[in-house]
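Please follow the paragraphs below with the sequence and the coordinates open beside them. They go from enclosed spaces to helix packing, then to an open pocket and to some details of the backbone.

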Amino acid sequence: MQFRLTDEQHMVRESAQAFLADVSSTEQVRKAMVQAASYDADVWQRLCTELYLQAITIPEEYGGLGMSYVYLAIVLEEMGHKLFCSPFLATTGFATNAILLSASAEQKQRLLPAIAEGQTATLAWTGPQAARMGGTWGAEAISATWQSTGEGYRLDGEFSYVLDGDTAELLIIAARAQGSSGAEGVSLFAVPADTAGVQSTWTPTMDQTRRQAKISLTAVAVANTMRLGDEGQAWPQLQKTLALAKTALAAEQLGVATESLDIAVAYTMEREQFGRVIAGYQAIKHKAADMKLKAEVARSAVYYAACVASEVLDPEGDQTLAAELEEAAAMAKGYCSDTVFFNAGSALQLFGGVGFTAEYDIQLYFKRAKASELYLGNGAAQREHIAAMLLDSEVAQ
Amino acid sequence: MKLTFSAEDERFREEIAGWLQENLCGEFEHLKFRGGPGDEHMFPEERKRWEQKLAEGNWVGIGLPKEHGGRSASIEQQVIFAEEYARAGAPGRIGHIGEGLTAPTLIAFGSKEQKEKYLPGILNGTEFWCQGYSEPSAGSDLANVCTRAVLDPETGRWRITGQKIWTSLAHESDWCFVIARTDPNSVAHRGLGFFLVKMQQPEITVRPIEQLTGTSEFNEVFFDGAVAEDLVGEPGEGWSIAMGLLGFERGVSTLGQQMQFQNELNEIIRIAKDNGAAKDSVIRQRIAEAHTGLRLMRYNAMRMLSIDERSGPDSSALVYKLHWSSWHRNLGALAMDVLGPEAELMDSAPYNLTRLQSLFLFTRSDTIYGGTNQIQRNIIAERGLGMPREAKGR
């Protein structure tokens with residue numbers, strides 16, 4: 001039992017920090033927010049060729065680094081700190097996990113080396129009706145359909161809220177058998193974004209540091225070899241993928257929450273009123289202390305969930321720990337969602353009037369906080385998920 | 001970063017779990033799940049005998065070095081011991097002040113003679129200790145100690161005069177460690193001494209404080225020229241010794257505390273399922289929040305105990321008290337809300353609380369003793385975030 005970062009993990013953190021300091025300054029973030037592609041292709045190339053960060057969790061046999069999910073969490077935390085605009089989360093935290101959990105060895109050999117070399121990817125599963133289902137992100141949100149055509153499949157339907165869906169080169173698609181519902185009939189497909197009948201449209205979002213898109217599929221034809229996992233049986237893999245994605249997003253939220261605290265404290269140490277710095281007032285100190293507490297507990301939640309995720313992705317991983325994935329991911333996403341919004345909101349208040357200006361960066365953190373809080377379900381949604389596990393089982397405690 | 005224990009540690013787990021199963025029965029059976037916070041006044045004699053039983057198995061002070069009578073157990077093993085102890089429902093440790101505070105302090109700061117004199121009584125479960133820190137005007141401002149120590153030129157002994165308060169288990173203790181002012185002209189943390197005082201002497205009066213629970217774990221202790229058996233360190237070093245000792249306080253015992261919290265939460269969940277509260281969406285949220293808070297408390301503690309030489313002490317240690325105290329206080333309120341109208345009904349007159357009523361009331365002290373939540377927030381802001389220190393009135 002050593003619940004702390006290893007020297008190697010510290011080194012990865014430091015190299016990510018150095019890289020991000022170079023490529024994700026305030027000016028660079030603000031430029032990426034408004035440019036057509038939402039991220040800088042040159043920066044992505046550097047990330048992929050110099051640091052190889054997008055290949056962290058891809059096994060070595062498929063051209064990756066074969067490192068644990070803890071490393072991915074560390075990198076995502078640093079990206080959260082700097083509001084790094086890139087398809088990194090969509091590619092590593094969503095699409096890659098779907099492939100790792102559901103693809104055959106042959107499919108992995110076909111798909112993963114490309115990602116390891118810099119191909120961008122995302123996961124599309126929520127249909128437009130999810131908006132009317134109280135923000136559900138589970139199996140019931142899947143509405144696109146697949147039909148077998150003998151030599152392959154025909155895919156039809158619409159997806160909303162697809163992270164970086166307008167720029168991703170590879171789409172991992174969840175669709176269901178016609179007439180099926182819930183967890184039944186769900187299949188996953190790997191679909192290159194340039195396949196005929198695939199249309200992606202950017203949907204502008206309040207948080208401009210991360211893109212979302214709508215994707216529509218009209219009579220898209222894909223070969224049998226593009227189906228990941230068994231036909232109609234993919235929900236358990238997709239559910240695990242979403243739990244891994246929650247863990248990844250929670251790690252990023254930790255960075256956003258910590259940075260919000262740090263920049264707010266730095267500001268209160270400079271800002272003087274009534275003849276002294278406002279950081280000396282207990283009303284300010286105690287607010288900052290509450291933010292610090294949440295950030296520290298959030299860190300424990302992220303490290304725990306990342307350890308569990310590592311066991312899930314490791315074929316020889318500890319099965320007892322791996323079985324905690326649903327719960328660990330829900331706890332991490334729930335706690336970090338509450339924390340990131342509390343910290344960013346409190347930080348905005350500590351900045352006072354300038355917090356409301358476009359010029360100060362805290363507004364960017366605040367907007368990212370709300371966006372990431374809602375994505376994959378907010379704190380209340382995660383708690384209900386946990387409550388169902390605790391309270392609705394027939395097995396006595 | 002690793003969350004699993006080694007095979008050797010798992011064997012240690014079997015050893016302690018097996019020992020507890022064999023020994024926590026018979027005359028000790030009724031002590032199970034008793035004597036914890038809020039229940040510390042119960043069965044003192046039986047719990048002292050239990051300490052001697054533990055000592056026979058060499059389970060007292062397992063983290064202390066072998067040469068001082070401990071087992072030199074690793075942090076992992078201490079964690080496992082605390083967890084298995086609580087899992088078995090073994091009783092609240094009446095020897096925890098001596099084991100967890102006096103012994104490490106003596107090992108760090110005591111003379112050879114002092115170690116030889118006091119450690120055996122602690123480790124064989126025959127001598128029990130209490131802590132003489134707080135005073136009526138030295139609460140959050142602990143350094144404002146007024147109790148005086150005067151060197152008697154005839155006997156060469158220090159005599160203590162003053163009043164301590166909130167002293168847990170003073171009426172069950174053989175010894176007290178006391179911080180008292182050796183330099184009458186000093187203020188705050190300067191000029192204090194760290195004394196070891198025998199409780200059974202006519203110059204000491206113990207008066208129980210009746211709490212809002214109707215019970216009395218805490219006492220006032222009056223010193224009227226009481227003789228101090230020993231001074232640890234030199235006069236004037238009392239504050240640094242006391243602060244070193246507070247460092248020992250935040251240790252592995254927190255893992256055992258969490259197992260007890262888990263038992264409490266399990267009971268609340270059982271009641272909620274039974275009485276239908278588990279269908280209420282607000283109660284569901286609160287139970288899930290409590291469950292999450294407790295699980296994450298465990299990982300906070302794991303971080304705190306996994307010392308990282310590169311980053312120094314983990315910042316999770318700073319927030320630990322504020323987190324658990326607030327969590328536990330909320331749990332007490334949740335217990336009442338899950339019970340609904342049943343929450344009011346007592347075991348019996350005149351004022352015999354149920355276990356959960358006791359939890360509800362006693363947890364109000366968690367956010368006060370050992371540094372109030374407000375003091376904790378000051379510490380977090382000042383030490384954790386580098387914000388300015390509070391202005392002082394002297």
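The second largest cavity of this predicted model is lined by A:Ser38, A:Tyr39, A:Cys85, A:Ser86, A:Pro87, A:Asp164, A:Thr209, A:Arg210 and A:Arg211. Its volume is about 30 Å³, and its lining residues divide into 3 nonpolar, 3 polar and 3 charged. A search of the whole structure for cavities of 30 Å³ or more finds 2 of them, and the largest encloses about 40 Å³ of space. The residues that line the largest cavity are A:Leu76, A:Met79, A:Phe84, A:Ser86, A:Phe88, A:Leu89, A:Arg210 and A:Glu252, so that A:Ser86 and A:Arg210 can be found in the linings of both cavities. By class, the lining of the largest cavity has 5 nonpolar, 1 polar and 2 charged residues, and among the elements that contribute to it, α4 (69–81) and α5 (88–102) of chain A each supply at least two residues.

Helix α4(A) also takes part in a helix contact, and its partner there is α8(A). The axes of α4(A) and α8(A) come within 7 Å and cross at roughly 140°, and the two helices are therefore oblique to each other. On the side of α4(A) the contact is made by A:Tyr69, A:Val70, A:Ala73 and A:Glu77, whereas α8(A) brings A:Arg299, A:Val302, A:Tyr303, A:Ala306, A:Cys307, A:Ala309, A:Ser310 and A:Leu313. The residues of this contact comprise 9 nonpolar, 1 polar and 2 charged.

How does α8(A) lie against helix α7 (residues 235–270) of chain A, and at what angle do their axes cross? The axes of α7(A) and α8(A) come within 9 Å, and the crossing angle is roughly 155°; the two helices are therefore roughly antiparallel to each other. In this arrangement α7(A) passes α8(A) in a left-handed crossing, and the contact between them has 17 nonpolar, 4 polar and 3 charged residues.

Chain B offers another helix pair to examine, formed by helix α4 (residues 96–109) and helix α5 (residues 112–123), which pack at an angle of about 160° with their axes 10 Å apart. That angle makes α4(B) roughly antiparallel to α5(B), and α4(B) passes α5(B) in a left-handed crossing. From α4(B), the residues B:Gly98, B:Glu99, B:Thr102, B:Ala103, B:Leu106 and B:Ile107 meet B:Gln114, B:Lys115, B:Tyr118, B:Leu119 and B:Ile122 of α5(B). Sorted by class, this contact has 6 nonpolar, 3 polar and 2 charged residues.

From the helix pairs one can turn to an open space, the second largest pocket, whose volume is about 660 Å³. Of the 29 residues that line this pocket, the closest to its centre are A:Lys294, A:Tyr335, B:Glu289, B:His323 and B:Asn330. Which helices build its lining, with at least two residues from each? In chain A they are α8 (282–313), α10 (325–350) and α12 (379–391), and in chain B they are α8 (281–305), α9 (316–339) and α11 (373–384). The helix that gives the most to this lining is α9(B), with 8 residues. By class, the lining of the second largest pocket has 11 nonpolar, 10 polar and 8 charged residues.

Two details of the backbone remain. Most residues other than glycine have a negative phi, and most peptide bonds are trans. Against that background, a cis peptide bond joins B:Ala349 and B:Pro350, with omega at about 0°, and B:Pro350 is found in the loop between α9 and α10 (355–366) of chain B. In chain A, A:Tyr161 has a phi near 55°, a positive value in a residue other than glycine, and A:Tyr161 lies in strand β3 (residues 152–163).

Notes:
Residues are numbered from 1 along each chain as its sequence is written. Chains are lettered from A and ligands numbered from 1 in the order in which they are written. This is a predicted model: local features need pLDDT of at least 70, side-chain atom pairs count only at pLDDT 80 or more; totals for chains, interfaces and linings use all residues. Side-chain values use heavy atoms; hydrogens and water are left out. On a 1 Å grid over the protein atoms alone, a cavity is a set of points where a 1.4 Å probe fits but cannot get out, and a pocket is an open set with protein on both sides within 12 Å along at least five of seven lines; lining residues have an atom within 4 Å of a point. Grid points are joined across faces, edges and corners, and a volume is the space filled by probe spheres set on the points. Helices (H or I, at least four residues) and strands (E, at least two) are DSSP runs, numbered from the N terminus. Ala, Val, Leu, Ile, Met, Phe, Trp, Tyr, Cys and Pro count as nonpolar, Asp, Glu, Lys and Arg as charged, and the others, Gly among them, as polar. Axes are lines fitted to C-alpha atoms, for helices over the stretch in contact, and angles run from 0 to 180 degrees between N-to-C directions. Angles under 35 degrees count as roughly parallel, over 145 as roughly antiparallel, 65 to 115 as roughly perpendicular and the rest as oblique. A crossing is left-handed if the near helix is turned anticlockwise from the far one by less than a right angle, and right-handed if clockwise. Contact means heavy atoms within 4.5 Å.
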